[in-house]
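Biologist: Could we go through this model together? I would like to begin with the interior and then turn to the backbone.

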Amino acid sequence: MSRHVVKLPDLGEGTVSSEVVAWKVKVGDVVGEDQPIVEMSTDKAVVELPAPVGGKVVSLGGQPGDQIAVGGELYVLETDASAAVESAPAAAPAQAAAPANASSAAAARNGVAQPATAKASGGRVMASPATRARAKLAGIDLTTVSGSGRDGRIQRQDLDAAINDRQAGKAPAPASTPSGRQVRTGTEEIRILGVRRVSAQRVADSKRNIPHFAYVEEVDMTELERLRKHLNSQQPKGSPSYTYLPFLAMALVRVVEQFPKVNSRYDAERNVLIRHDGVHIGVATQTSDGLKVPVVKHAESLSLKEIAAEIRRVTNAAREGTASRNELQGSTITITSLGKLGGIVSTPIINAPEVAIVGINKAVERPVIVNGEVAVRLMMNLSSSFDHRFIDGYDAAETIQALKEKLEQPATIFIRD
């Protein structure tokens, strides 16, 4: 028999290993060429890897959460099974188990669907690795669970139903306090995998290795808000509205022309600080998989409208899980915003190997003194962090003061010297 060893390819710049997130097949499955086999996590995103050839799965190289080195064995196929795969109908079902009684056999002959069992031929339970892991944590024997998927495959909802049934029938009555209120005693173990694990590691490394210097300044956003509302009123009906982010990005482009050191990346292996002429702005984005930082490349070449459109495009791609590796790497300086949840102040963590990050906080109207008189102004704090190894406190302050001036006098954002 011919065995085809599939090795982990290089999934991105600087990747030396990748984490198994979920297997889409199990040992014994017959797969076709280009059929999705496994989800692997890089330091930026989860990547789905297809089979390079058809064949029968002989072995899998790890469990979810395991790290596999680039070039290491990922899984093994018996390639002499590929002919059967290629000649089989695309939707041909696997051999079903024999009906348990005469009535079910008759129903099967008449095309009436029967409740599926949890085992495939040969007695193996048909379920994904993630479902198996959840069942193990919950103490559920999958051989007792009926699967609603194809050929009896156990789906997530099948396991949920089994867990709920067990809890309804066997769970002890919860304890209560003298007041009669119930005491909650349950726990849940959540394994940290994929992008969430990588993100956690990256921010921990950044905080541990970089001496962060925080600098916060308040900004009068009244004039910028007036401009933003005016531009939004001129937009065609149904067009997306401008947020503060494209204005901040454009102002940042102008400021780094004055303070180029903040638009840098540090190469720790060579001990070299690399200043960039191009401004590639990372936009910290919350997704269901965790924090991602898609990148607006060459923001210095874009108009306000183009920057706004590009921010929407790359952040939507990040949230939907469709962003490419190129769209999730290469930033030279990052901006972050929690929108209406922005709070008064924050201490953002630097997106290494960059040396600076700027954050937007919540904008609120409050009374301030303007030309000796009390006036209501829209005020917002800029929260920034700098790598103190390369950016001195005075330089950081000058950078943020220049950014403040641009935002308070928004016409200057569009003026080039």
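Modeller: The notes below concern a predicted model, and they take up its core, a cavity, a helix and some backbone angles.

Biologist: Which residues touch the most other members of the largest nonpolar core?
Modeller: They are Met221, Ile281, Ile333, Ile335, Leu382, Leu403 and Leu407, in a core of 48 residues.

Biologist: And which element gives the largest share of this core?
Modeller: Helix H7 does, with 11 residues. Other elements that supply at least two residues each include strand S9 (212-220), strand S16 (333-337) and helix H9 (393-408). In general, nonpolar side chains in soluble globular proteins tend to be buried together.

Biologist: What does Ile281 touch?
Modeller: Leaving aside residues up to four places away in sequence, Ile281 touches Ala249, Val253, Pro294, Val295, Val296, Ala299, Ser331, Ile333 and Ile335. Another core, of 18 residues, lies apart from the largest one and has Leu8, Val31, Ile37 and Met40 among its members.

Biologist: Now cavities. How many are there of 30 Å³ or more?
Modeller: The count is one cavity, and the volume of the largest is about 30 Å³.

Biologist: What lines it?
Modeller: The lining of the largest cavity consists of Met221, Leu224, Tyr244, Leu248, Ile360, Met380, Leu382 and Leu407. H7 and strand S19 (373-387) are the elements that give two or more residues to this lining. By class, the lining has eight nonpolar residues, no polar and no charged.

Biologist: Let us change to helix H8. What is its span?
Modeller: H8 covers residues 304-320, and its 17 residues reach 24 Å from the first C-alpha to the last, close to the 24 Å expected.

Biologist: Which of its residues are buried, and what covers them?
Modeller: The buried residues of H8 are Leu304, Ile307, Ala308, Ile311, Val314, Thr315, Ala317 and Ala318. Their cover includes helix H6 (222-233), helix H7 (244-258) and strand S12 (281-283). After H8 comes Gly321, with a positive phi near 75°.

Biologist: Which residues other than glycine have a positive phi?
Modeller: Two examples are His298, with phi near 50°, and Asn371, with phi near 55°. His298 is in the loop between S15 and H8, while Asn371 is in the loop between strand S18 (364-370) and S19.

Biologist: Are these two buried or exposed?
Modeller: His298 is partly exposed, at a relative accessible area of 40%. Asn371 is exposed, at 77%.

Biologist: Finally, where is there a cis peptide bond?
Modeller: The bond from Ala352 to Pro353 is cis, with omega near 10°. Pro353 is placed in the loop between S16 and S17.

Conventions:
Residues numbered from 1 in each chain as written. Predicted model: local features only at pLDDT ≥ 70, side-chain atom pairs only at ≥ 80, totals over all residues. Heavy atoms only, no water. Helix = DSSP H or I, 4+ residues; strand = E, 2+ residues; numbered from the N terminus. Expected span 1.5 Å × (residues − 1). Buried < 20%, exposed > 50% of the residue type's maximum accessible area, 1.4 Å probe, protein only. Contact = heavy atoms within 4.5 Å. 1 Å grid on protein atoms, 1.4 Å probe; cavity = no way out; pocket = protein on both sides within 12 Å on 5 of 7 lines; lining within 4 Å. Points joined across faces, edges and corners; volume = space filled by probe spheres on them. Nonpolar A, V, L, I, M, F, W, Y, C, P; charged D, E, K, R; others polar. Core = buried A, V, L, I, M, F, W, Y, C linked by side-chain atoms within 4.5 Å.
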